[in-house]
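The following exercises are to be worked through with the sequence and the three-dimensional model at hand. Each task is followed by a solution in steps.

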Amino acid sequence: MTATVPPKAPTFLGLPTAPRGVGHLRGDQSFPDAARGALRDGQLRANLGHATSTIRGKRAKVVDELPDWAQLREAGRALKTATMARLDDHLEELERQVTARGGVVHWARDANEANEIVTRLVQATGTSEVVKVKSMATQEIGLNEALEAAGLDVFETDLAELIVQLGEDKPSHILVPAIHKNRAEIREIFARTIPGVDPDLTDDPRQLAMAARTHLRERFLRARVAVSGANFAVAETGTLTVVESEGNGRMCLTLPETLITVMGIEKVVPTWRDLEVFLQLLPRSSTGERMNPYTSTWAGVTPGDGPQEFHLVLLDNGRTAVLADEVGREALHCIRCSACLNVCPVYERAGGHSYGSVYPGPIGAVLSPMLTGVEDNASLPFASSLCGACYDVCPVAIDIPSILVHLRAEHVEAQERPTAEAVAFRGLAKVMSHPRLWHLAQRASRLGRLIARGRPTLPNALPPPVSGWTRSRDLPTPPKETFVESWVREHGS
Amino acid sequence: MSAREEVLSRVRQALGADRTAPEEVVRDYRLTDGRPAGDPALLELLVERVEDYRATVLRCAPAEVGATVRAALDQGLGSGWSAGDVVVAPGLAEDWRPAGCDVDDDRPAVQLADRAASVTAVAVAVAETGTLVLDGSPACGRRALSLLPDCLVCVVTADQVVGSVPEGLARLDPLRPLTMVSGPSATSDIELQRVEGVHGPRTLLVVLAG
């Protein structure tokens, strides 16, 4: 963040977007600049290529197994659309139900307010240690940094989050935040940072998982406060849901005296029955399993079983600004499965860090700019080839390519001075609407053959403003003759 | 304006005064598997799907559950286990319990970590996904019971086995604390390869009666 950035984030239809200076929705660099470094990292590309191809295969296999996948996907889409149309009613009902069962509901306008609420709640318990279940919402608002600034110790307990935390790294994937690290790199992080770790630790994933188990076991048993996110919250019953694999979630949701759950307002679903759709869509799209190892649900407080104090923090942080965008609001339907990341050719090559936000990949390229206001993440809507693979795999059928195009238009319209690209396209439009000019231009383009010197594409080190186009695209060498010329030669005029 | 009022008013502003009516949700996906609970083919499917998660299934006649639970503990703990290593849910049927075992009570939950294995019933099992659901009832026990001991033995009776996820959820009470268990604890966080056994029980044994 530079000093020239104005203090207030922009608004959409008067609705505030996520504030600047807190959380992890904005990068320090534009996507093309960040991606350039990532593309040079051969190890990163190998790690990502291996991991994403593995998960793509697993997902395809378990999705094909269900004869009614298309119907489930359509029901998921319709459920989310219907929920958003009555979001205020569902949130009020959720609040009533959670409260009736002994929970306390808090509302947070933005990241700062949510961080203040959670910090205050933790401090009120008198403990200085917090165990955390992996949660995108708390990553988004920078909760760990806020708690640490208040002198509290925060322990991420999901294996991948632990790897990221111990490596002082940043998450690069929604489901597997350490996807950019391979086993050897993870072994190195553990050997360096876990006190008392077995010096003979190998890079066998089983051994690495056991090292994490040993490292966290004592922490779980003595923890008094846990912070989690939520995958779903059922309005009609006040039932919260966390979907996970390792059991670290269960440890956090079960053992401490106090549980604080931070949840984006879009995670509410109207009825218990709706989970019959989402609990089929999510695991198969996410880890490529028929069902994830553990799903925990709870409604308020249960005497004698689990935390006896439960707080639910409902977070806006730009979500209502997204909701106000009639085209873009579909991005709020996202259930954070990460299938779109795993199929995206851009994500697979550039990696999650290039997006600068905790939400990377195709869904991040639409969600991050809408949460922050497009101008704060202006390069992200362009970080896509619009191939549509993300739309095909999305379990709730979010039309990501259409939202990308919509946001590109919004960015272009926000420009006060015409860009070089806009001037070029205006010129092109004039040329293309006059046949004589068009033929002249085509003939002139043959000069490009001189620059190409027999290669199939023009060199990408052309002078500006042309370099703005060619630095990320191959410009083919113009042909010897145009299509019209070939036609006239072969068929006569 | 309070944060609550402000967030709700933002939602209303975002949706506009002439908001569209919620669209109707068509549930034309499979609501039932078509086979009744306990159908022999469903039991076969459950076994296949649970074993696919690298859990172990032991099948037995309804009258042999007690002996089969002991056989499961032999597998999970090795044959040298003693009754004191095992803690069971307070409502577990008497004849399913190993003689002399520890019965969970209102001790602090973390003390359950001292036990090597726990034995519980389930509320429902979903064959298609290989999922067992524990609902916090006396027979299933509180959540920590099926979490802290490293070996978990769950007893499933045939009438509890349904085909699909919708049928399973319909049998559950969303006001109870539920735990859906599909195999032993696992992670895919290292190179997206599945490794069984992280923080939850590393060994899951299912006794299927009937």
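**Exercise 1. Describe the six-stranded sheet of chain B and the helices that pack on it.**

Step 1. In chain B, six strands make up an open sheet with parallel pairing, and their order is β1-β12-β7-β4-β2-β3. Helices (H or I, at least four residues) and strands (E, at least two) are DSSP runs numbered from the N terminus, and two strands pair if DSSP finds at least two bridges between them.

Step 2. The edge positions belong to β1 (56-60) and β3 (102-103) of chain B; each has a single partner strand, so one side of each lacks a neighbour in the sheet.

Step 3. At one of these edges, strand β2 (residues 86-88) of chain B pairs with β3(B) in the parallel sense over two bridges. Val88(B) has Val103(B), in β3(B), as its bridge partner.

Step 4. Helix α3 (residues 65-77) of chain B packs on the sheet and touches β1, β2, β4 (117-121), β7 (151-157) and β12 of chain B, its direction making about 160° with that of β12(B). Helix α2 (residues 40-52) of chain B lies across β1 and β12 (203-209) of chain B and runs at about 175° to β12(B). Contact here requires C-beta atoms, placed from the backbone, within 7 Å; axes are lines fitted to C-alpha atoms, for helices over the stretch in contact, and angles between N-to-C directions run from 0 to 180 degrees.

A note on the source: this is a predicted model, in which local features need pLDDT of at least 70 and side-chain atom pairs count only at pLDDT 80 or more, while totals for chains, interfaces and linings use all residues. Residues are numbered from 1 along each chain as its sequence is written, and chains are lettered from A and ligands numbered from 1 in the order in which they are written.

**Exercise 2. Determine how chain B meets chain A.**

Step 1. The interface brings 61 residues of chain B into contact with 75 residues of chain A.

Step 2. On the chain B side, two or more residues each come from α1 (3-15), α4 (165-170), β9 (178-181) and β10 (186-187) of chain B. The largest share, 11 residues, is that of α1(B).

Step 3. Sorted by class, this side of chain B holds 30 nonpolar, 16 polar and 15 charged residues. Ala, Val, Leu, Ile, Met, Phe, Trp, Tyr, Cys and Pro count as nonpolar, Asp, Glu, Lys and Arg as charged, and the others, Gly among them, as polar.

**Exercise 3. Trace the sheet that contains strands of both chains.**

Step 1. Eight strands form an open sheet of mixed pairing, ordered β10(A)-β7(A)-β8(A)-β11(A)-β9(B)-β6(B)-β5(B)-β8(B). At its edges stand β10 (268-269) of chain A and β8 (161-162) of chain B, each with a single partner strand, so one side of each has no neighbour in the sheet.

Step 2. Between the chains, strand β11 (residues 294-299) of chain A pairs with β9(B) in the antiparallel sense over four bridges. Tyr294(A) stands opposite Val181(B) in β9(B).

Step 3. Within chain A, strand β7 (residues 232-234) and strand β8 (residues 239-244) pair in the antiparallel sense over three bridges. Val234(A) has Thr239(A), in β8(A), as its bridge partner.

Step 4. Helix α12 (residues 275-286) of chain A lies across β7, β8, β10 and β11 of chain A and runs at about 170° to β7(A).

**Exercise 4. Which residues other than glycine have a positive phi near or about 50°, and are they buried or exposed?**

Step 1. Most residues other than glycine have a negative phi.

Step 2. Glu168(A) has a positive phi of about 50° and lies in the loop between α8 (159-166) and α9 (183-193) of chain A. Glu168(A) is exposed, with 8 other C-beta atoms within 10 Å. A residue is buried if 20 or more other C-beta atoms lie within 10 Å of its own, exposed if 12 or fewer, and partly exposed in between, with C-beta atoms placed from the backbone.

Step 3. Arg453(A) also has a positive phi, near 50°, and its loop joins α21 (448-452) and α22 (467-470) of chain A. Arg453(A) is exposed because it has 9 other C-beta atoms within 10 Å.

How values were computed
Contact = placed C-beta atoms within 7 Å.
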